[in-house]
Amino acid sequence: MKDIQTNTRIDGARLWDSLMEMARIGPGLRGGNNRQTLTDADREGRDLFKRWCEEAGMRVGVDSMGNMFARLEGAEPDLDPVMMGSHLDTQPTGGKYDGVLGVLAGLEVVRSIRDRGLTPRRPIVVVNWTNEEGTRFAPAMLSSGVFAGVHTQDWAYAREDADGKRFGDELARIGYVGDEPVGQRKMHAMFELHIEQGPILEAEGRDIGVVTHGQGLSWTEVTVTGKESHTGSTPMPMRRNAGLGMARILEKVDEIAWSHKPHAVGAAGHIEVFPNSRNVIPGKAVFTVDFRSPELSVIEDMEARLRVEGQRIADEMELEIAFEKVGGFDPVPFDKSCVDAVRRAAEKLGFSHREIISGAGHDACWIARVAPTAMIMCPCVDGLSHNEDEEISRDWAAAGCDVLLHAVLETAEIVE
C-alpha cells in the first residue's frame, strides 16, 4: 500500500463553499436551515448533491428508502467499499452543519483523491442517509435503521407526519424511491464525520474528537393523573396536583442522572400539562424522561429507579402513575480498528485530539450493527446544535475532513 504523506489535505475553501451553497436550500428564519426530510427543499438538496457527485466522477445509486450512495470505483471493484457520510435533512430550526458536514466532507474527500490522481484499492462510497433527524417522521435514524435491519421497510413507509402524510408516499412524491433493495449494499467499513453537538472539544481547545462509543438512550413516557380543581378555592390538603407530582419526579430524574456521573445524563424535554389553564390545578401531566449513558447497566438502573421513585411519589400524593417505554437503543461501542485509524490520522496530521462519547444518536450507531464503524467529531461553538445559531469554523471543518480523508485512505488502501 502506498504511504499517504502528511501534506495530502483536502481543499478547505472548496468544502466551505459547498457547505454554504447547500445552506441556501431550505433557509431558516435567521441564518440556519429548515430542510426537513422528504420536503421539496430536501429534494432540491439531494439533486444538488447528486449533480456534484456525478461531476466528481461518481456513480449515484438510490435504495428503496431513499438512501443515496455515490461510488468512486476502486482498483479492485469486487472488494467491499469503504463508506463515509451522514445526512442532509435538518431540524425545523436547524443549523448548516449538523449532518450536512459529514455528507459534503465525504464528497470533498473524493474530490481531493481525484485531484491528486490517487487510486484506492477498495471502492469508496459517500452516503446520504434519509430521515436521520426524525423530526417529520419519527423515529430518528429511520432509514439507516431499516438498512441495518432494526426496522422493517413496511413499518417505515407507514410512518406519518403531523399532517397524516405517509413516509412512503412522500418519498415517492419527491422522486427518491430507488430501485435498489434497502440493506443490499455491503461495506468494509464506514466513517461518519459530525459536529460534536456538545461543548467539550471547544472548551478544551481540541481539534478532533475520536469517538469511541455512542451513548445508549432510553425514553420513558410518564403519565401522572390527579384531579382538576380550582386553584383558588381548593384547600391545600385536598389537592391532587399532577403538575406538582411531575415536578417532584423530575427532581428525582436529575438526582438519578447525577448519581452516575460523569457520563450519564437525564431530563424531560417533552412535557404536557392538562388542562393547562391558569386557574385550574393540573389533573394530568404527561412527560418523557430521556436517560442516556454509554453503559447499558447504568441505563437499566436509571430506568428501574425512575419507576420505583415515581411510584413512591405518586402513592404519597394520592396520584395515579403509568410508565411506557417509547424509545431507546443500547450503547454502541465503535469498531476498534476504525477508531484506531481515526486516532492515527489525527496524530499523523498533528491535530490535538481526545477520546469522546457521542451524546446524540447518529446513523453510525445503527450501521455499527452490520459493519465496522467509527465517528470523527469537530468542535462547534458553545456546543450549540439543533438551533439556527449553530456554528463551526472553517479550520474545524477542514481539520475534521482531513482526518476523514486519511482514515478512509488508510482503510481503502491507496495503490498509486
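Start with helix H12, which is mostly covered: 16 of its 19 residues are buried. Keep in mind that you are looking at a predicted model.

**Stop 1: along H12.** Select residues 394-412 to see the whole helix. From the first C-alpha to the last, H12 reaches 26 Å, close to the 27 Å expected at 1.5 Å a residue. Now step just past the end of H12 to Glu413. Here phi turns positive, at about 70°.

**Stop 2: an annotated trio.** Select His87, Asp98 and His194. An unreviewed UniProt entry annotates these residues as "binding site". They are spread over 108 residues of sequence, yet they cluster in space, with a largest C-alpha distance of 9.8 Å. Two members of this set, Asp98 and His194, belong to the lining of the largest pocket.

**Stop 3: His87.** Zoom in on the loop between strand S3 (82-86) and helix H3 (100-115), where His87 lies. Is His87 buried or exposed? His87 counts as buried, because its relative accessibility is 0%. Show its contacts beyond four places in sequence: among them are Trp129, Glu132, Glu133 and Asp363. Asp98 and His194 also touch His87. Draw the link to Asp98: a polar contact of 3.5 Å joins the two side chains, His87 to Asp98.

**Stop 4: His194.** Move to strand S5, residues 189-195, which holds His194. With a relative accessible area of 1%, His194 is under the 20% cut-off and so is buried. What does His194 touch, leaving out residues up to four places away in sequence? Its contacts include His87 and Asp98 from the trio, as well as His362, Met375, Ile376, Met377 and Cys378.

Note on methods: Residues are numbered from 1 along each chain as its sequence is written. This is a predicted model: local features need pLDDT of at least 70, side-chain atom pairs count only at pLDDT 80 or more; totals for chains, interfaces and linings use all residues. Side-chain values use heavy atoms; hydrogens and water are left out. Helices (H or I, at least four residues) and strands (E, at least two) are DSSP runs, numbered from the N terminus. The expected span of a helix is 1.5 Å times one less than its number of residues. Buried means under 20% relative accessible area, exposed over 50%, partly exposed in between (1.4 Å probe, protein chains only). UniProt positions are given in the numbering used here, feature names are shortened, and annotations may be inferred rather than shown by experiment. On a 1 Å grid over the protein atoms alone, a cavity is a set of points where a 1.4 Å probe fits but cannot get out, and a pocket is an open set with protein on both sides within 12 Å along at least five of seven lines; lining residues have an atom within 4 Å of a point. Contact means heavy atoms within 4.5 Å. A polar contact is a pair of N or O atoms within 3.5 Å; within protein, one must be able to donate a hydrogen and the other to accept it, and residues adjacent in sequence count only if both atoms are side-chain atoms.
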